[in-house]
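Welcome! Here are some short exercises, each followed by a solution worked through in steps. Have a look at the sequence and the structure, then try each task before reading on.

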Amino acid sequence: GVSSFYAKQIIGSETSGSSNIVTIKRSVAAPQITKPSSNETVDPRPTISGTGVSGSTVKVWQTNPYRVLVTGTQVGANLNWSKQSEVALESPSVTIRAQATLDGVSSPETENRTFIVRLNSLSITSPAAGSLQNQTFTLSGTGGEAGAIARVFLDLNDTPVGASETL
């Protein structure tokens, strides 16, 4: 933060006038990320929490690809901050960093924190349930993650009958 100082000297009952005023900027310690834990599996929009300097504002971003996940979350008097990710995460493995700002002074960045994002369940949209199909047919659905492989299983016994890259 920013602080201003001046000095006076005192001898007995005599006090001098004030010295010149010196204003400085104090460094801000890097915030700490406490949640999600390293290698924890989380939902696509996890709450990200940590500790920091009271009154500072924390920003959290994903490192690759770079995108901001949390902005403008204030560190409270209890030295804690917490906010749900403002964007859904897609990659199975996500690495984040954070930085705090107080009175225009930015802290160093945190160490990397890597965790796992739980994949959403797929939804089969075609063919319709109960419909009559030929022996070979096309199965369609939604909810696939980019880069994932959708696997199709028969009769609820984990017998694989097909697979495709998600589009």
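**Exercise 1.** Is Asn39 buried or exposed?

*Solution.* Please keep in mind throughout that this is a predicted model.
- Step 1: Find the residue. Asn39 sits in the loop between strand 5 (32–35) and strand 6.
- Step 2: Read its relative accessible area, which is 58%.
- Step 3: Compare with the cut-off. Exposed means over 50%, so Asn39 is exposed.

**Exercise 2.** Look at the backbone of Asn39 and Asp103, and name what is notable about phi in each.

*Solution.*
- Step 1: Recall the usual case. Most residues other than glycine have a negative phi.
- Step 2: Check Asn39. Its phi is near 65 degrees, a positive value in a residue other than glycine.
- Step 3: Check Asp103. This residue is not a glycine either, yet its phi is positive, at about 55 degrees.
- Step 4: Place Asp103. It is found in the loop between strand 11 and strand 12, and with a relative accessible area of 48% it is partly exposed.

**Exercise 3.** Find the cis peptide bonds that lead into Pro65 and Pro127.

*Solution.*
- Step 1: Recall that most peptide bonds are trans.
- Step 2: Go to Pro65, in the loop between strand 8 and strand 9. The bond from Asn64 to Pro65 is cis, with omega near 0 degrees.
- Step 3: Go to Pro127, in the loop between strand 14 and strand 15 (140–142). Here the bond from Ser126 is cis, with omega near 5 degrees.

**Exercise 4.** Describe the aromatic pair and the surroundings of its two rings.

*Solution.*
- Step 1: Count. The structure holds 1 aromatic pair.
- Step 2: Name the partners and their geometry. Trp61 and Tyr66 have ring centres 6.5 Å apart and planes at 45 degrees, a tilted arrangement.
- Step 3: Test burial for each partner. Trp61 has 7% relative accessibility and therefore counts as buried. Tyr66 has 51% and therefore counts as exposed.

**Exercise 5.** Which residues touch the most other members of the largest nonpolar core?

*Solution.*
- Step 1: Start with the core, which has 19 residues.
- Step 2: Pick out the residues with the most contacts to other members: Ile48, Val58, Val60, Trp81, Ile96 and Phe115.
- Step 3: Ask which strands contribute. Strand 8 (57–63), strand 9 (66–74), strand 11 (93–102) and strand 13 (113–117) each give at least two residues. The largest share, 5 residues, comes from strand 11.
- Step 4: Zoom in on Val60. Setting aside neighbours within four places in sequence, its contacts include Ile48, Trp81 and Ile96.

**Exercise 6.** Compare Gly72 and Thr73: which residue is buried and which is exposed?

*Solution.*
- Step 1: Locate them. Gly72 lies in strand 9, and Thr73 lies in strand 9 too.
- Step 2: Read the values. Gly72 is exposed because its relative accessible area is 55%, while Thr73 is buried, at 7%.
- Step 3: List contacts, leaving aside neighbours within four places in sequence. Gly72 is in contact with Thr57 and Val58. Thr73 is in contact with Ser56, Thr57, Val58, Trp81, Ser82 and Lys83.

**Exercise 7.** How many salt bridges does the whole structure have, and what does each one join?

*Solution.*
- Step 1: A search finds 3 salt bridges.
- Step 2: Take Arg118 and Asp43, whose side chains meet at 2.6 Å, N to O. This pair links distant parts of the chain, 75 residues apart. Arg118 is in the loop between strand 13 and strand 14 (123–126), and Asp43 is in the loop between strand 6 (41–42) and strand 7 (47–51).
- Step 3: Take Glu109 and Arg97, with the closest N and O atoms 3.2 Å apart. Glu109 lies in the loop between strand 12 (105–106) and strand 13, and Arg97 in strand 11, so the pair ties together parts 12 residues apart in sequence.
- Step 4: Take Glu86 and Lys83, with the closest N and O atoms 2.8 Å apart. Glu86 is partly exposed at 34% relative accessible area, and Lys83 is partly exposed at 29% relative accessibility.

Definitions and conventions. Residues are numbered from 1 along each chain as its sequence is written. This is a predicted model: local features need pLDDT of at least 70, side-chain atom pairs count only at pLDDT 80 or more; totals for chains, interfaces and linings use all residues. Side-chain values use heavy atoms; hydrogens and water are left out. Rings of Phe, Tyr and Trp (its six-membered ring) pair if their centres lie within 6.5 Å; planes under 30 degrees apart count as stacked, over 60 as edge-to-face and the rest as tilted. Buried means under 20% relative accessible area, exposed over 50%, partly exposed in between (1.4 Å probe, protein chains only). A nonpolar core is a set of buried Ala, Val, Leu, Ile, Met, Phe, Trp, Tyr and Cys residues joined through side-chain atoms within 4.5 Å. Helices (H or I, at least four residues) and strands (E, at least two) are DSSP runs, numbered from the N terminus. Contact means heavy atoms within 4.5 Å. A salt bridge is a side-chain nitrogen of Lys or Arg within 4 Å of a carboxyl oxygen of Asp or Glu.
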